[in-house]
Amino acid sequence: GFDEINFDYIRFPASKTVVFEQENNSTTRVKAIVSFLDRANKQLKPLGVKISIDTYGYACWNKKDTGIGQNLKELAKYVD
């Protein structure tokens, strides 16, 4: 067994040519990632599994989603 699951560079692609089902903006990008992490958290926490994520370094001081959905203030609520 594993005691931690790491989601490596959980983010949206930086490509402008990718077509998404919903509008691709800061709100929907962050919401999609938060929704995924919330679901993972609800399923894994009861099993004692810790969750971690990798982000880009500049996400630490960039207050927006850096164009890829990485808003640390929002994502931190769902990871250890």
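In this predicted model, Lys-42 and Asp-38 sit together in helix H1, 4 residues apart, or about one turn of the helix. Their side chains form a salt bridge in which the closest N and O atoms are 3.2 Å apart. Side chains of opposite charge can pair when their charged atoms come close, and an α-helix has 3.6 residues a turn, so residues three or four places apart point the same way. The two partners differ in how much of them can be reached: Lys-42 counts as exposed, at 60% relative accessibility, whereas Asp-38 is partly exposed, with a relative accessible area of 24%.

The helix that carries this pair, H1, runs over residues 26-44. Its 19 residues reach 27 Å from the first C-alpha to the last, close to the 27 Å expected at 1.5 Å a residue. At the start of H1, the backbone nitrogen of Thr-27 has a side-chain oxygen of Asn-25 within 3.0 Å. Buried positions along the helix are Arg-29, Val-30, Ile-33, Val-34, Leu-37, Ala-40, Asn-41 and Leu-44. These residues cover an arc of only 125 degrees around the axis, and therefore lie on the same side of H1. Turned away from that buried side is a face with the exposed residues Thr-27, Lys-31, Arg-39 and Lys-42. Lys-42, the salt-bridge partner of Asp-38, thus belongs to this exposed face. As for what covers the buried residues of H1, the list includes strand E1 (4-7), strand E2 and helix H2 (72-75).

One of the buried residues of H1, Arg-29, takes part in a salt bridge of its own. Its side chain meets that of Asp-65, at 2.5 Å from N to O. Arg-29 belongs to helix H1 and Asp-65 to the loop between E2 and H2, so the pair ties together parts that are 36 residues apart in sequence. Both Arg-29 and Asp-65 are buried. Across the whole structure, the search finds 4 salt bridges. Another of them joins the side chains of Lys-77 and Glu-74, again described by its N to O distance, 3.2 Å. Here Lys-77 is exposed, with a relative accessible area of 55%, and Glu-74 counts as partly exposed at 27%.

The loop that holds Asp-65 also contains Thr-66. Phi of Thr-66 is near 60 degrees, a positive value in a residue other than glycine. Thr-66 counts as buried, at 17% relative accessibility. A positive phi, near 50 degrees, is also found at Tyr-9, likewise a residue other than glycine. Tyr-9 is located in the loop between E1 and H1 and is partly exposed, with a relative accessible area of 39%.

Tyr-9 leads on to the aromatic residues, as Tyr-9, Tyr-56 and Tyr-58 form one aromatic cluster. A pair of aromatic rings is described by the distance of the centres and the angle of the planes. The model has 4 aromatic pairs by the rule applied here. Among them is the pair of Phe-12 and Phe-20, which is tilted, with 5.4 Å from centre to centre and 55 degrees between the planes. Phe-12 counts as buried at 15% relative accessibility, while Phe-20 is partly exposed, with a relative accessible area of 27%.

The last part of the picture concerns strand E2, one of the elements that cover the buried residues of H1. Ser-52 lies in this strand, which spans residues 50-53. With a relative accessible area of 15%, Ser-52 is buried, because its value falls under the 20% cut-off for burial. Leaving aside residues up to four places away in sequence, Ser-52 touches Glu-4, Ile-5, Asn-6 and Phe-7. Those positions coincide with strand E1 (4-7), which also helps to cover the buried residues of H1. Asp-8 lies in the loop between E1 and H1, the loop that also holds Tyr-9. From C-alpha to C-alpha, Asp-8 and Ser-52 are 8.4 Å apart in space, although 44 residues separate them in sequence. In contrast to the buried Ser-52, Asp-8 counts as exposed, at 53% relative accessibility.

Methods:
Residues numbered from 1 in each chain as written. Predicted model: local features only at pLDDT ≥ 70, side-chain atom pairs only at ≥ 80, totals over all residues. Heavy atoms only, no water. Helix = DSSP H or I, 4+ residues; strand = E, 2+ residues; numbered from the N terminus. Buried < 20%, exposed > 50% of the residue type's maximum accessible area, 1.4 Å probe, protein only. Contact = heavy atoms within 4.5 Å. Phe/Tyr/Trp six-rings, centres within 6.5 Å; stacked < 30°, edge-to-face > 60°. Expected span 1.5 Å × (residues − 1). Arc of directions from axis to C-beta. Polar contact = N/O pair within 3.5 Å; in protein donor to acceptor, adjacent residues only side chain to side chain.
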